[in-house]
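Hi,

Here is the structure I promised to pass on. Have a look at it first, and then read my notes below.

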Amino acid sequence: MKIVVDADACPVKELIKQTALKYNISVIMVCDTSHIIKDDYCEVITVDKFADSADIYLINLVEIGDLVITQDYGVAALALGKKAYAISNNGMEFNDENMDKLLFERFLGKKVRRAGKRTKGPSKRTETDDKNFIDGLTKILDKISIDNK
């Protein structure tokens, strides 16, 4: 089992690393060339900057039972399809029960933007968001360890 991170603009990279160290789990961070990540614990893979290149590379790394951390609902859906776990940077676990709704909301947002209108962006990150992420990450890691017994 490993943690695979969609590291482009991921605001919780350090929290992931700290938690992975506690659980002794390897971490792979995937980003494109517009981001520079240096880390002494995590493996960092940098791919060319093409549309979805980091996402495609990341999904090709994922195996059954891995944990994917991403803000991208599409990446999360692909991870679930590979029988991996997925969580957002706010601690929300992606699963079969919430994925259809999330993908539909993403579709509606793109439709609105294509029509020239604006959609509300994400709120500024808070300490509560970080706490929720750690809580969600810890919960899913504990769940994975139980599932693997």
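**What I found**

Right after helix α1 comes asparagine 24, which has a positive phi, near 55 degrees. When I say helix or strand, I mean DSSP runs numbered from the N terminus: H or I over at least four residues for helices, E over at least two for strands.

Before you go further, note that this is a predicted model, where local features need pLDDT of at least 70, side-chain atom pairs count only at pLDDT 80 or more, and totals for chains, interfaces and linings use all residues. Residues are numbered from 1 along each chain as its sequence is written, and side-chain values use heavy atoms, with hydrogens and water left out.

**Helix α1 and its partner α5**

Which residues of α1 are buried? They are Leu15, Ile16, Lys17, Thr19 and Ala20. Buried means under 20% relative accessible area, exposed means over 50%, and partly exposed is in between (1.4 Å probe, protein chains only). The buried residues of α1 pack against β1 (2–6), β2 (26–32), β4 (67–69) and α5.

Two packed helices are described by the angle between their axes and the distance between the axes. For α1 (residues 13–23) and α5 (residues 127–147), the axes come within 11 Å and cross at roughly 30 degrees. Axes here are lines fitted to C-alpha atoms, for helices over the stretch in contact, and angles run from 0 to 180 degrees between N-to-C directions. The α1/α5 crossing is right-handed; a crossing gets that name if the near helix is turned clockwise from the far one by less than a right angle, and left-handed if anticlockwise.

On the α1 side, Leu15, Ile16, Thr19 and Tyr23 make the contact, and on the α5 side Asp130, Phe133, Ile134, Leu137, Thr138, Leu141 and Asp142 do. Contact means heavy atoms within 4.5 Å. Sorted by class, the contact of α1 with α5 has seven nonpolar, two polar and two charged residues. (Ala, Val, Leu, Ile, Met, Phe, Trp, Tyr, Cys and Pro count as nonpolar, Asp, Glu, Lys and Arg as charged, and the others, Gly among them, as polar.)

**Helices α2 and α3**

The axes of α2 (residues 53–61) and α3 (residues 73–81) come within 10 Å and cross at roughly 15 degrees. That makes α2 roughly parallel to α3, a label for angles under 35 degrees (over 145 is roughly antiparallel, 65 to 115 roughly perpendicular, and the rest oblique). This crossing of α2 and α3 is right-handed. Asp55, Leu58 and Ile59 of α2 meet Val75, Leu78 and Ala79 of α3.

Leucine 58, in α2, is buried because its relative accessibility is 0%. Leaving out residues up to four places away in sequence, leucine 58 touches Val4, Val5, Asp6, Val30, Val68 and Val75.

**A lysine on α4**

Is lysine 101, in helix α4 (residues 96–114), buried or exposed? Lysine 101 is exposed, since its relative accessible area is 54%. Its C-alpha atom and that of aspartate 48 are separated by 31 Å, with the two residues 53 apart along the chain.

**The cysteines**

How many disulfides does a search of the whole structure find? It finds zero, taking a disulfide as a pair of cysteine sulfur atoms within 2.5 Å. Cysteine 31 is in none, and the nearest cysteine sulfur, that of cysteine 10, is 11 Å away. With 0% relative accessibility, cysteine 31 counts as buried.
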